[in-house]
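This report concerns an annotated binding site and a sheet with its packing helices. Please consult the sequence and the structure alongside the text.

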Amino acid sequence: MQITAQTARQLRLTEEEFDLICQKLGRTPNFNELCAFSGMWSEHCSYKNSIKWLKTLPREGGRMLVKAGEENAGLMDIGDGLGVVFKIESHNHPSAIEPFQGAATGVGGIHRDIFTMGARPIAALNSLRFGRLEEEKTQHLLAGVVHGIGHYGNCFGVPTVGGEIYFNQCYHTNPLVNAMSVGIVPVGKTVSATAEGEGNPVMYVGSATGKDGIGGASFASADITSDSVQELPAVQVGDPFQEKKLLEACLEVLATGAVVGMQDMGAAGIICSTAEMSAKGGVGMRIDLEKVPMRQQNMKAWELLLSESQERMLLVVEAGREEEVNAVFRKWDLESAVIGEVTNDGLLRFYMNGILEAEIPADELVLGGGAPQYSREYKEPAYFGKIASFQSDSIAVPQDLRAVAEQLIALPTIASKRWIYNQYDSMVGTNNTSTNAPSDAPVVLVKETGKGLAVTVDCNSRYVHANPYKGAQIAVAEAARNIVCSGGQPLGVTNCLNFGNPYDPEVYYQFVHAIKGMGDACRRFDTPVTGGNVSFYNQNPDGPVFPTPTIGMVGLLDDLSKKTTLAFQEAGDLLYLVGSSRNDINCSEYLHSIQGVAFSPAPHFDLEEEFQLQQTVSTLILQRLAASVHDLSEGGLFVALCESGFRNSLGFDIRSDKGIRADAFLFGEAQSRVLVSVLPAQAAAFEAALGAHPFEKLGTVTGGELVIDGQDWGRIEDWRERYDTAIENMLARVESEGALGLL
């Protein structure tokens, strides 16, 4: 077979990249070698269009134990000889084509990134984006994704403790499915994804290899179109029970001390794990592909190299201890086989039945070695002109604010997600404490320490679309605010950067400025970026999705008794707004979904103001002056008040600020504001602790009635019913028709 630039283009490599490959090899690659480059130089694996900007993020400091990018996931010190390992990644394209398996294998893959480092996963989160819920396609995707997440996580035995979900037409064709995993490991007991020691055996463990997932990395590096369904073989198939066995077997074999290095086989499969481990150790490998356990006959070399079959690991073990390792995997009824050995020349040589099928320098495949790094052109998006022309004065304040509130609280992005989270097991493993006295961030117990981890995922992509720099700052700030409001101290960030096609200068503008905003915010909150994922090419026929830099953040509660609930506690407690109300309806759910305004500026945000707010709230919680704490986000003050009242069936009686338009006061989403309830006896101490920080006295907690400016707005039970059943009612029709029967 003659290999040309046309062959490279068919494998989603450019002509320039093909020329570079020929130059690096000193010859034309054969088909197997070109397939290896197509996987490793895909955007998904190489970050070739993003790495230069990613390097500008704060990547060390704080409690970090390894630098960003050094291992599969971030590692931070939480004291007591323990570290927290965490990471978030996308599985957008597979989920758009086959939502159940796409989401399920996304969950499985992110957990493997955690336990390949020797950590035990203890919590999972997810961030999901879909089109309009009224559309049948959205309902199909939602049902499949939720079922996939629930099935894999529940069977694997790690609780799904939190997440977020948004609905917007821009995600109609290309939904976003971002999965996060959090694990715990004793400091000094982690294992590195590295190969060392000439002659050490290379072992394959886990499930057998099939043809599922072939080309998944390059598939994830292309636009989704109506023809993408023809690429169904690129979607992997997962088995959570196999992964549970693999987890236990890997942790057990690590305890033997026989393992030199370990890497999961994720995107680009065997070629990726062998290349990355070899490049990191400065060594090479000889691999005999016919020794790879297979579940399909007559697999070709390139298929074995690129298969993304799930639940597989690559190990380098000490020579002479192979049987010790094999015994552990036999115990767990898992495949294990020596498929090669470490060499000292930096070359990857792949043989099939004694025939050399590919020979490539390991370092030339991976970023930092030979993979290209690009800086793309960018320019300010044309739609910014529409945003700049918006004037809030053009929107009349509604006469019937209660009717607006009834619509707002039933919007799918705001309403209860119980139809979704009821399908997730949030308590398996008994680590999760978040379902008792709910808080802004779920809190997970670190067993035998009395400590807790506050974990969250956050991003309002409409804000980022309106102002990429400010919107990304807000995403970081809201994540930190959620952790602080739950009683924790923010530690670090992992990110999942979901954008459109990087070759579009307007999309790349969004990416560059979001990175800048994220970096500035992370530096201010001392939350270094431990790693993450970039997902480009999230497009639909009408254009890119909203720029969505999802922030996964972990915080520490050094004493679980400091955990703070968002729920009102007693009738008669006083209500305060810490922060300042503003005449700001920009970019709010109210403005977009009720008033129908598609383009408006991002809401008010000032990074220093936000930092001071979080310092103040931390002090209030530390001094135990707050009965409940809840940050204001989508839906503004009114939604925050209702959410705080639902848990204990308590209402509120408040007075609005007459200096601010009524819709902005109730529904505006200006940032850096927190709702706090306070015992009457502690009011004086509370106000003194606030010092110079701005605040407003709103009113009181009631026994269940809602009163705003003296007007009766009904009972909290009725509002809770509307909030709880909104999504279920929208889905009832298709569910009755059987479209959601898989649930």
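## Annotated site and sheet

In UniProt, an unreviewed entry places the feature "binding site" at Glu89 and Asn533. They span 445 residues in sequence, yet no two of their C-alpha atoms are more than 5.2 Å apart, so they gather at one spot. UniProt positions follow the numbering used here, feature names are shortened, and annotations may be inferred rather than shown by experiment.

The model is predicted: local features need pLDDT of at least 70, side-chain atom pairs count only at pLDDT 80 or more, and totals for chains, interfaces and linings use all residues. Residues are numbered from 1 along each chain as its sequence is written, and side-chain values use heavy atoms, with hydrogens and water left out.

The table sets out the two annotated residues. Helices (H or I, at least four residues) and strands (E, at least two) are DSSP runs, numbered from the N terminus. Buried means under 20% relative accessible area, exposed over 50%, and partly exposed in between (1.4 Å probe, protein chains only). A polar contact is a pair of N or O atoms within 3.5 Å; within protein, one must be able to donate a hydrogen and the other to accept it, and residues adjacent in sequence count only if both atoms are side-chain atoms.

| Residue | Strand | Relative accessibility | Side-chain polar contact |
|---|---|---|---|
| Glu89 | S2 (residues 82-90) | 23%, partly exposed | Lys87, 3.0 Å |
| Asn533 | S16 (residues 529-535) | 2%, buried | Ser90, 2.6 Å |

Contact means heavy atoms within 4.5 Å. Not counting residues up to four places away in sequence, Glu89 touches Asn533 and also Ile110, Asp113, Val177, Asn178, Ala179 and Cys496. On the same basis, the residues touched by Asn533 include His44, Tyr47, Ile88, Glu89 and Cys496.

Elsewhere, an open sheet of 7 strands with mixed pairing has the order S21-S23-S20-S24-S22-S25-S26. Strands S21 (628-631) and S26 (711-715) stand at the edges, each with a single partner strand, so one side of each is left without a neighbour in the sheet. From one strand to the next, the twist averages 25°. Two strands pair if DSSP finds at least two bridges between them; S22 (residues 651-654) and S25 (residues 705-708) run parallel and are joined by 3 bridges. Asp653 has Val707 in S25 as its bridge partner.

Helix H19 (residues 468-485) packs on the sheet, touching S21 and S23 (674-678), and its direction makes about 175° with that of S21. Axes are lines fitted to C-alpha atoms, for helices over the stretch in contact, and angles run from 0 to 180 degrees between N-to-C directions. Helix H25 (residues 683-690) lies across S20 (574-578), S23 and S24 (695-702), running at about 5° to S20.
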